[in-house]
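Trainee: I am new to this structure, and I would like to understand how each label placed on it is justified. Could we take the labels one after another, setting each value against its definition?

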Amino acid sequence: MKRRKTILLGLLMAALAGAWLFRERMGIGLNMARQRFVKRTVDDRLREFGGAARQRWAPLFKAGGVIYPPKKVVFLALKNERVFEVYGGNETGLHFVRRFPILAASGTLGPKLREGDRQVPEGIYEIESLNPNSAYHVSLRLNYPNSFDRAQAAKDGRTNLGSDIMIHGKSVSVGCIALGDEAVEELFTLAADAGAGNVSVIVSPTDFRTHSNFQTPGDCPIWAMELWQEIAGRLVALPSP
């Protein structure tokens, strides 16, 4: 009789464990399906993490004397230093707000030339759109190729310049800038609150404020020097971090 009870108890425990495992797998499957098929809006995402992101931004903007949301935002990505800086301003001008580490940025120093070269572009860009359904959490899309990129490509006879360059979460990159999920939530919220049209993005091969003797990579096109001079001018005009 005792052995029978032990067997029944074992079967019951196995059934309960199986039910729990089934429930867990169903939950994972439903979450994956929701991510794939249920499209969220920018407002959905802001309801999800915007409040916490704003709380993290608030003391940083206050310390710089900038009212949140700012009327102007500049993002600066420094490829060589693997640093991403944020500047914000209103009527009083720009102020340094904070910096993030760049977790991944594929390629080497030098501009992006074509699709598949895995290069992070270099130049002065705008935020074209916010993607609340990115495969890399959420993302901010750059307007690459911009008019400068297209003009130089036409002179070089290059076509198929690539596209879909993002600032996104996670820590992997194929031509994009990956900052991790929490950091990109903050940038996504800031861009949404300030207005994507009020955000400019400078992507520089290095920090020209401290590396004025930057050496041109050997395989860079001649026109890259012109681009870097313009970028250097923008960096020098920014307030000191």
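Mentor: Let us begin with what counts as an element, since helices are DSSP runs of H or I with at least four residues, strands are runs of E with at least two, and both are numbered from the N terminus. In this predicted model, Pro-145 falls in the loop between β6 (139-142) and α3 (147-156).

Trainee: What makes the peptide bond from Tyr-144 to Pro-145 cis?

Mentor: Its omega is near -5°. A second cis peptide bond joins Tyr-68 and Pro-69, with omega about 0°, and Pro-69 lies in the loop between α2 (42-63) and β1 (72-78). These bonds deserve mention because most peptide bonds are trans.

Trainee: Why is Thr-206 called buried?

Mentor: Buried means under 20% relative accessible area, and Thr-206 has 1% relative accessibility, so Thr-206 counts as buried. This residue sits in the loop between β9 (199-204) and α5 (224-237), and, leaving aside residues up to four places away in sequence, Thr-206 touches Leu-78, Asn-80, Glu-81, His-211, Phe-214 and Leu-235.

Trainee: How do you know that the side chains of Thr-206 and Glu-81 are joined by a polar contact?

Mentor: The cut-off for such a pair of N or O atoms is within 3.5 Å, and the contact between the side chains of Thr-206 and Glu-81 is 2.9 Å. The side chains of Thr-206 and Asn-80 are also joined by a polar contact, at 3.4 Å.

Trainee: Why is α4 described as largely enclosed by the rest of the structure?

Mentor: The description follows from a count, because 10 of the 14 residues of α4 are buried. Among them are Ala-183, Val-184, Leu-187, Phe-188 and Ala-191, together with the charged-named pair Glu-185 and Glu-186.

Trainee: What makes the span of α4 close to the expected one?

Mentor: From its first C-alpha to its last, helix α4 (residues 181-194) reaches 20 Å, and the expected value at 1.5 Å a residue is 20 Å. After α4 comes Gly-195, whose phi is positive, near 100°.

Trainee: Why is Arg-82 called partly exposed, whereas His-137 is called buried?

Mentor: Partly exposed covers the range between the 20% and 50% cut-offs, so Arg-82, at 36% relative accessibility, counts as partly exposed. His-137 has a relative accessible area of 14% and is therefore buried. Arg-82 lies in the loop between β1 and β2 (83-90), and His-137 in the loop between β5 (123-131) and β6.

Trainee: What makes the phi values of Arg-82 and His-137 worth pointing out?

Mentor: Phi is positive in Arg-82, about 55°, although Arg-82 is not a glycine, and His-137, also a residue other than glycine, has a positive phi near 75°. Most residues other than glycine have a negative phi.

Trainee: How many disulfides does the structure hold, and are Cys-176 and Cys-220 buried or exposed?

Mentor: There are 0 disulfides. Cys-176 has a relative accessible area of 8% and is therefore buried, and Cys-220, at 16% relative accessibility, also counts as buried.

Trainee: How confident is the predictor in the chain, and where is the pLDDT below 50?

Mentor: The mean pLDDT of the chain is 88, and 85% of its residues reach 70 or more. Over residues 27-33, however, the pLDDT is below 50, and this stretch has 1 contact in the model beyond near neighbours in sequence.

Definitions and conventions
Residues numbered from 1 in each chain as written. Predicted model: local features only at pLDDT ≥ 70, side-chain atom pairs only at ≥ 80, totals over all residues. Heavy atoms only, no water. Buried < 20%, exposed > 50% of the residue type's maximum accessible area, 1.4 Å probe, protein only. Polar contact = N/O pair within 3.5 Å; in protein donor to acceptor, adjacent residues only side chain to side chain. Contact = heavy atoms within 4.5 Å. pLDDT = per-residue confidence, 0-100. Expected span 1.5 Å × (residues − 1). Disulfide = S-S within 2.5 Å.
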